[in-house]
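Biologist: Hello! I am new to this structure and would love a close, guided look at one part of it. Could you take your time and walk me through the details?

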Amino acid sequence: MSGLGERWLAAAYGGAPWLALLRPLEALYRAAVARRTAAYAEGRRTVWRAPVPVIVVGNLTLGGTGKSPLVAWLVRHLVERGHRPGILSRGYGGQSDAYPLWVDDRTPAAQCGDEPRMLADQTGVPVVVDPDRPRGAGRLLAAGCDILVSDDGLQHLALGRDLELVVVDGARGFGNGRCLPAGPLREPLSRLASVDAVVINGEPAFTPPPGAFAMTLAPVAWRRLGDGERSPPRPLPFTGPVHAVAGIGRPARFFETLAELGVEAMAHPFDDHHAYRAEELAFADGRPLVMTAKDAVKCRDLAPRDSWVLEVAATPDPAFVRWLEARLDALDAAAPDMNSRAGSAPAHHQE
């Protein structure tokens, strides 16, 4: 998102009065969303259903919410249950000559996108990138995955799903409650009535929807970029002030976390999915450089080898874990019936 886009996003979350001028365009946007949703619901557009459970982890708003850390937690939880999960992603920010794209150890973030690269590194489960979600799902099925997790994709209705989880940033909530371009919502708030669970990342600064679950993001380790050496969050593995870069949905969250750890940081915020250049990571004063895990997958060959990466992990509330276990038990019980659904994805089904 450009600098102008970031200023618009801040206005949308802050409720700037001038956004009222965009409400006629919002009405057109909402009408288009309603028509598209109805087309899938009424069968005028095809919904492809996988023969295995599909869980979509998405958001209703623009900007970062903590969605990908919850995906990482979820697939680890599925592995512990004995499943063979695969992650499906749009791969925003990446560009490949061919899809579906299987993300292996050699796939650069510039090709697959920063979030798929990060999730592949963090989880070790199969990750496939494809703008055509059903086609990408077919690639994961061919690899033997028995449950699919879509990182984002709440609005990609061509791929049928068995569970929908919506992640909300506790600090920013739903902004002014308006849809694009008069606000940050991709869909009206009424969409929450049809999802299976709402998960709020951090202490909510708004009244949560009924039945919403809590989640926290917490630092788990520092990792040195050059050799992968890991250290606990405290004590700090470096001394003195640092330069901190963050090209994520809400860079302020990273800088706030650093402050909570006692790190004195000179903040360098960048747009989400920013494509870094080496000169943006070179500082003449010799201070250490720290970054997020999402930035690290793009900076590993650009930044100084003694840079440090702060790894964070999601911890859902125990009530969410109990709810999820019950839903997964139900999906496991329904597995024989799912086998009668489509066995392979269509050759091309992009929205």
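To begin with, is Cys145 buried or exposed? From there, please take me to helix α5 and what packs around it.

Modeller: Happy to! Please keep in mind that this is a predicted model. Cys145 is buried, because its relative accessible area is 6%. Its sulfur makes no bond to another cysteine, because the closest cysteine sulfur, in Cys112, is 16 Å away, which is too far. Cys112 is buried as well, with a relative accessible area of 0%. In fact, the structure holds zero disulfides. Cys112 takes part in none, and the cysteine sulfur nearest to that of Cys112 belongs to Cys299, 14 Å away. As general background, a disulfide is a covalent bond between the sulfur atoms of two cysteines.

Now to helix α5, which spans residues 114-123. This helix is mostly covered, with eight of its 10 residues buried. Those residues are Asp114, Glu115, Pro116, Arg117, Met118, Leu119, Ala120 and Thr123. What do they pack against? Their partners are the helices α3, α4 (109-112) and α8 (293-299), along with the strands β2 (85-89), β4 (127-129) and β5. Right after α5 comes Gly124, with a positive phi near 75°.

The partner to look at in detail is α3, which covers residues 67-80. Two packed helices are described by the angle between their axes and the distance between the axes. For α3 and α5, the angle is about 35° and the axes are 10 Å apart. The crossing of α3 past α5 is right-handed. On the α3 side, the residues that meet α5 are Lys67, Ser68, Val71, Ala72, Val75 and Arg76. On the α5 side, they meet Glu115, Met118, Leu119, Gln122 and Thr123. Sorted by class, this contact has five nonpolar, three polar and three charged residues.

Just ahead of α3 we find Gly66, in the loop that links β1 (54-58) to α3. Gly66 counts as buried because its relative accessibility is 10%. Leaving aside residues up to four places away in sequence, Gly66 touches Val167, Asn201, Met215, Leu217 and Arg253. Gly66 also lies 8.1 Å from Ala314, C-alpha to C-alpha, although 248 residues separate the two in sequence.

Lys67, which we met in α3 facing α5, leads us on to another residue: Asp152 touches Lys67 too. Asp152 sits in the loop between β5 (147-151) and β6. Apart from residues up to four places away in sequence, the other residues that Asp152 touches are Val56, Val57, Gly58, Asn59, Arg133 and Arg186. With Arg186 there is a polar contact from side chain to side chain, at 3.3 Å. The backbone of Asp152 deserves a glance as well: its phi is positive, near 75°, and the residue is not a glycine. In general, most residues other than glycine have a negative phi, and most peptide bonds are trans.

Arg133, one of the residues touched by Asp152, brings us to helix α6, residues 133-142. Helix α6 is mostly covered, with eight of its 10 residues buried. The buried ones are Arg133, Pro134, Arg135, Gly136, Ala137, Gly138, Leu140 and Leu141. They pack against the strands β2, β3 (101-102), β4 and β5. Where α6 starts, a side-chain oxygen of Asp132 comes within 3.2 Å of the backbone nitrogen of Arg135. Just past α6 is Gly144, with a positive phi of about 95°.

Before you explore on your own, here are a few more backbone details. His273 has a positive phi of about 65° although it is not a glycine. This residue lies in the loop between β11 (265-269) and β12 (289-292), and it counts as buried because its relative accessibility is 18%. Then come two cis peptide bonds: one joins Leu180 and Pro181, with omega about -5°, and another runs from Arg234 to Pro235, with omega near -5°. Pro181 is in the loop between β6 (163-169) and β7 (197-201), while Pro235 is in the loop between β9 (230-231) and β10 (242-246).

How values were computed. Residues numbered from 1 in each chain as written. Predicted model: local features only at pLDDT ≥ 70, side-chain atom pairs only at ≥ 80, totals over all residues. Heavy atoms only, no water. Disulfide = S-S within 2.5 Å. Buried < 20%, exposed > 50% of the residue type's maximum accessible area, 1.4 Å probe, protein only. Helix = DSSP H or I, 4+ residues; strand = E, 2+ residues; numbered from the N terminus. Contact = heavy atoms within 4.5 Å. Axes fitted to C-alpha atoms, helices over the stretch in contact; angles between N-to-C directions. Left-handed = near helix turned anticlockwise from the far one by under 90°. Nonpolar A, V, L, I, M, F, W, Y, C, P; charged D, E, K, R; others polar. Polar contact = N/O pair within 3.5 Å; in protein donor to acceptor, adjacent residues only side chain to side chain.
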